[in-house]
Amino acid sequence: MNTSPSPSGAGHTDGPSIRLGALVPLTRPGWVEAGRHLLAGLDLAVREVNDAGGIGGRPLELVVRDTAADPERAAAAVDELAHLGVAAVAGEYHSVVARAAAARADALRVPFLCSSAVLDALTEEPTEWVARLAPAQSHGWRIYADFLLRAGRRRIAVAAQSSVYWASGTRILRDHLASRGGTVLELDATLTPEALCDALVDHGATALLLLVGHPEPAVPIVRAVRGDQRLAEILIGAPAGQPEFAEWAAALGEDGAGVPFLRYLPERLGPLGERVGKELRERLGEAPSFVAFEGWDTVAVLAAMLRSHGTDPAALAASWPRVAVEGTRGPIRFSRTPGISVWQWTWTPVRVVDRDPAEPDSFRVLHAG
């Protein structure tokens with residue numbers, strides 16, 4: 001899939017386009033709704049850059065590749081995009097996929113700004129070629145663990161599928177909770193929902209965290225737990241953010257409310273965020289998720305870098321520490337952070353929120369990081 005410069009900007013720009021590669025999950029087993037929001041943010045920002053005259057009179061062109069949550073497909077896409085001469089690669093939602101893309105971008109010496117993936121070890125070794133907007137998993141998930149403790153939930157069960165990302169999340173939670181009087185019990189997500197409920201009762205769990213895909217097996221697990229009177233007091237949580245999207249509410253209705261998750265938005269947006277949010281809502285036909293804002297901010301950063309440093313990959317990669325961009329969620333700067341191998345925005349706002357049981361289309365802020 002390839003999207004050309006916005007027609008509305010074509011009259012204000014001339015010269016050859018500057019290509020940006022975009023990695024987005026647009027087909028299953030990728031999280032398609034997240035991909036749609038990410039692409040909406042990327043595309044809106046490109047069109048706004050072009051409407052304002054492009055980069056030195058040259059239009060931006062977004063060259064989109066569907067990763068479908070496949071690491072090998074993402075790595076091959078980076079190869080293809082590098083061959084096409086993109087100035088930089090942007091995007092990706094799934095952490096394991098972003099890790100493969102980052103490794104390939106590093107090897108090919110192509111700047112990569114990761115929009116949404118949070119896995120701490122995005123690359124094996126420190127690199128100058130990769131930066132990230134989303135907060136590292138260790139940062140966000142510790143905030144989530146603090147929320148659980150404040151809510152009086154200390155016996156935590158996790159239903160986890162097999163994945164580097166879920167295993168990393170479980171480890172972060174266990175390490176953070178262990179020194180604060182909490183425990184983490186791992187349950188196999190391949191258990192039937194009924195067997196999972198029995199295990200929660202047997203272990204006296206006070207919270208169940210869904211470290212699983214959506215809609216399967218998340219939706220049947222939530223339905224089973226909500227329908228089990230023995231578990232009426234248990235908290236269901238989804239730190240990875242599944243309840244952010246309308247698809248969750250559509251699938252679960254009232255059962256999907258009151259499920260706390262991590263959201264990378266401030267409690268209130270400033271003027272820029274409000275304006276972009278309105279445009280994104282019109283484009284998506286629904287409230288934009290934080291992932292859509294991540295997409296817009298990604299292009300805003302890369303456009304600023306291109307204006308200041310041109311299209312030479314080495315010059316762009318060297319400019320991460322000099323970035324100072326007003327994003328939709330606050331000022332964006334990158335730095336080196338202990339334990340993080342890439343240039344990192346420290347940090348986007350982090351909130352624990354849920355869908356309000358009294359009004360499932362509205363969100364409540366439960367805890368701020």
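In the predicted model, strand β6 (residues 155-160) is mostly covered, with five of its six residues buried. Strand β6 pairs with two other strands. One partner is strand β7 (residues 183-188), which runs parallel to β6 and is joined to it by six bridges. Within this pairing, V158 has E186 of β7 as its bridge partner. The other partner is strand β8 (residues 207-211), again parallel, with five bridges to β6. Here I156 is matched with A207 of β8 as its bridge partner. The connection from β6 to β7 involves helix α6 (residues 164-178), and the three elements together form a β-α-β unit of right-handed sense.

A helix pair was also examined. Helix α2 (residues 32-51) packs with helix α11 (residues 290-309) at an angle of about 35°, and the two axes are 7 Å apart. The crossing of α2 past α11 is right-handed. On the α2 side, the contact is made by A34, H37, L38, G41, L42, L44, A45, V46, E48 and V49. On the α11 side, these residues meet V291, A292, G295, W296, T298, V299, A303 and R307. Sorted by class, the contact comprises twelve nonpolar, four polar and two charged residues.

Two cis peptide bonds are described here. The bond from E216 to P217 is cis, and its omega lies near 0°. P217 is placed in the loop between β8 and α8 (218-226); strand β8 is also the parallel partner of β6 described above. The second cis bond joins T346 and W347, with an omega of about -15°. W347 falls in the loop that lies between β14 (343-345) and β15 (351-356).

Positive phi values occur at two residues that are not glycine. For A69, phi is about 60°, and the residue is found in the loop between β2 (60-66) and α3 (71-83). A69 has a relative accessible area of 24% and is therefore partly exposed, the cut-off for a buried residue being under 20%. For E92, phi is near 75°. E92 occupies the loop between β3 (88-91) and α4 (95-108). The relative accessibility of E92 is 0%, so this residue counts as buried. Both residues thus lie in loops that lead from a strand to a helix, but A69 is partly exposed, whereas E92 is buried.

Definitions and conventions: Residues numbered from 1 in each chain as written. Predicted model: local features only at pLDDT ≥ 70, side-chain atom pairs only at ≥ 80, totals over all residues. Heavy atoms only, no water. Buried < 20%, exposed > 50% of the residue type's maximum accessible area, 1.4 Å probe, protein only. Helix = DSSP H or I, 4+ residues; strand = E, 2+ residues; numbered from the N terminus. Pairing = 2+ DSSP bridges. Right-handed = clockwise from strand over helix to strand, strands pointing away. Axes fitted to C-alpha atoms, helices over the stretch in contact; angles between N-to-C directions. Left-handed = near helix turned anticlockwise from the far one by under 90°. Contact = heavy atoms within 4.5 Å. Nonpolar A, V, L, I, M, F, W, Y, C, P; charged D, E, K, R; others polar.
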